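Good morning, everyone, and thank you for making time for this. Please bring the sequence and the structure up on your screens, and we will go through some of the contacts and sheets together.

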Amino acid sequence: MSQSLLDTMPGASTGTVVVTDHLNFWGGKRVKPRDDKNAEPVFEPATGRVLCQMIPCGAEEVDEAIQSAHAAYLKWSKLAGMERARVMLEAARIIRERRDNIAKLEVINNGKSITEAQVDIDIAWQCIEYYAGMAATLSGQHVQLPGGAFAYTRREPLGVCVGIGAWNYPFQIASWKAAPALACGNAMVFKPSPMTPVTVVLLAEIFKEAGAPDGLFNVVQGGAETGTLLCHHPMVAKVSFTGSVPTGKKVMEMSAKGVKPVTLELGGKSPLIIFEDCELENAVKGALMANFLTQGQVCCNGTRVFVQRKIMPKFLEEVVKRVKAIPIGDPLLEGTRMGALISKPQFEKVLGFVDEAKSQGAKVLCGGVPFTPSDPKLKGGYFMSPCVLDDCRDDMTCVKEEIFGPVMSVLPFDTEEEVLKRANDTTFGLASGVFTRDISRAHRVAENLEAGTVFINNYNISPVEVPFGGYKMSGFGRENGQVTIEYYSQLKTVVVEMGDVESLF
């Protein structure tokens, strides 16, 4: 694919692209699948038509990719941090240069709006650039011991790391996992979601073009079976997974058999708390950002919106007015703000959640139904109108379970103590948010929310400089920020005796 398909992107439009190139990549090149007997169709969400075939990798192919990664690791890990940084900075530069074309292909495969996809690609190159800057700073510690002896520590790579991505941010998640892994001197084998197999292979080609050794970043396609082969492979040193809680548990269980460390970035049902003293305009905008990015298919979305009772009517009035005005349609058009859901099953599942919410007593203030754009080529797409639910209770399914669609559940509250208890009454703990002008309250609430991230007077911003990850069943380990270096490296202690050995024997 590489340049040839990317070069066609400026003139590409929804419903016109067909991907025929091989989507596996190892040994520095695209690899033809061994056979296509288990091929699965990949759909373009905006049209419902088949975009390409995803052919899963079997045991021999997974082994080839891992062997290729190991060979690259032996070379890459011996480079100085500055040498690794130069390759990574060049990769970031290439992504930045091709940003618009990569974003277009991402939209075609994923269904989100082009405006969002461009931001995703920007975050991807920023992440690689950030960890390139850290590659040369990795260092240990010197400890003076009695009698002139001393010890020092070395921060060393793990080896071959596996990344398993999700379909909501295909290129960005691959970059989030690859950047710290490569900065630390590791190699990576990455498996994208079987629903979005197209763009990650571009990242592999870009790393090669930037000067990385063949096999440093590899792509294998497949679903659960391929993921199982990766987790069980004896040459894999670590697994980083983004996805659902049930699959995360399986990844952890499989990795445990080889005592492999794992990073798990799982689901969420995050609370957004809006106090009556908030700046209402910002709170409304924050609630929209917390619920409707990527058609609501975001793990850290603040889908339980708790609003202090006094401002509830005004808040709902403003939110509904703005939600009704969200432009839905062709995701490649600049004016579109909401594209299509990822697949027909996901589309039907989200609509099912809305129906169940109504049956349990929730009131639909807007949306929650299939949406048919006026453009005939979009008739088969998976579009729905964004939904706001009122009259919600904490025991409703729509409030307890992750919907992963454009559905906002709004709940009233009276006191800070009460809302904190309700906000924390969940098995998840990925993110949370609070809107208030009271600085003491903001920090008090942030301290007491049981979540890996707390947004104060904003929501769903993801700078690469700060760590991202969950509490409770939303997972553990972190992505982004300095701390992630610790999850892709290991510490060796070297003890040096300068005198004679004192022996008890």
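Is Glu129 buried, partly exposed or exposed? Before I answer, please keep in mind that what we have here is a predicted model. Glu129 has a relative accessible area of 31%, and because the class called partly exposed lies between the cut-offs of 20% and 50%, Glu129 belongs to that class.

Let me stay with this residue, since its side chain meets the side chain of Arg96 in a salt bridge, with 3.0 Å from N to O. If you follow the chain, you will find Arg96 in helix H3, which covers residues 81-97, while Glu129 is in helix H5, which covers residues 114-135, so that the contact links distant parts of the chain, 33 residues apart. Arg96, for its part, has a relative accessibility of 36% and also counts as partly exposed.

A search of the whole structure finds 31 salt bridges, and I would like to show you a few others. One of them is formed by Arg34 and Glu64, whose closest N and O atoms are 2.0 Å apart in the model. Here Arg34 sits in the loop between strand E2 (29-31) and strand E3 (40-43), whereas Glu64 belongs to helix H2, residues 59-76, and the two are 30 residues apart. Arg34 is partly exposed, with a relative accessible area of 43%, and Glu64 is partly exposed as well, at 32% relative accessibility.

Salt bridges can also be joined to one another, and you can see this where Glu281, Lys314, Glu318, Lys321 and Arg322 are linked in a network.

Now let us turn to a sheet, and to a salt bridge that lies across two of its strands. Three strands form an open sheet in the order E5-E6-E20, and their pairing is antiparallel. Which strands are at the edges of this sheet? They are strand E5, residues 142-144, and strand E20, residues 489-496, each of which pairs on one side only. On average, neighbouring strands in this sheet are turned by 20° against each other, if we ignore the direction of the turn.

For those who are new to this, strands of a sheet pair through backbone hydrogen bonds, and they can do so in a parallel or an antiparallel way. In our case, strand E6, residues 150-157, is joined to E20 by eight bridges, and the two strands run antiparallel. Within this pairing, Glu156 has Gln490 of E20 as its bridge partner.

The side chain of Glu156 has a partner too, namely Lys492, and in this salt bridge the closest N and O atoms are 3.3 Å apart. Although Lys492 is in strand E20 and Glu156 in strand E6, with their positions 336 residues apart in the chain, the contact brings these distant parts together. The two residues differ in their exposure, because Lys492 is partly exposed with a relative accessible area of 39%, whereas Glu156, at 15%, is buried.

Strand E20 also holds Val495, which together with Val143 and Leu145 makes a nonpolar surface patch of about 230 Å². Val495 has a relative accessible area of 62%, and since the cut-off for exposed is over 50%, we call this residue exposed.

There is another open sheet to look at, made of seven strands in the order E14-E15-E16-E13-E12-E17-E18, and here the pairing is mixed. Strand E14 (363-366) and strand E18 (453-456) stand at its edges, and because each has a single partner strand, one side of each is left without a neighbour in the sheet. From one strand to the next, the twist averages 25°. As an example of the parallel sense, take strand E15, residues 387-390, which pairs with E16 over three bridges, and in which Val388 has Met408 of E16 as its bridge partner.

I will finish with the aromatic rings, of which seven pairs are counted. Trp167 and Phe404 form an edge-to-face pair, with 5.4 Å from centre to centre and 85° between the planes. Trp167 lies in the loop between strand E7 (160-164) and helix H6 (170-183), and Phe404 in the loop between helix H13 (397-400) and strand E16 (407-413), which places them 237 residues apart. Both Trp167 and Phe404 are buried. Elsewhere, ring pairs link Phe190, Phe207 and Phe217 into a cluster.

Notes. Residues are numbered from 1 along each chain as its sequence is written. This is a predicted model: local features need pLDDT of at least 70, side-chain atom pairs count only at pLDDT 80 or more; totals for chains, interfaces and linings use all residues. Side-chain values use heavy atoms; hydrogens and water are left out. Two strands pair if DSSP finds at least two bridges between them. Helices (H or I, at least four residues) and strands (E, at least two) are DSSP runs, numbered from the N terminus. Axes are lines fitted to C-alpha atoms, for helices over the stretch in contact, and angles run from 0 to 180 degrees between N-to-C directions. Patches are made of residues with over 30% relative accessible area and no salt bridge: like charges are joined within 9 Å, nonpolar side chains (Val, Leu, Ile, Met, Phe, Trp, Tyr) within 5 Å. Accessible areas come from the Shrake-Rupley method with a 1.4 Å probe; for residues, only the protein chains shown count as cover. A salt bridge is a side-chain nitrogen of Lys or Arg within 4 Å of a carboxyl oxygen of Asp or Glu. Buried means under 20% relative accessible area, exposed over 50%, partly exposed in between (1.4 Å probe, protein chains only). Rings of Phe, Tyr and Trp (its six-membered ring) pair if their centres lie within 6.5 Å; planes under 30 degrees apart count as stacked, over 60 as edge-to-face and the rest as tilted.
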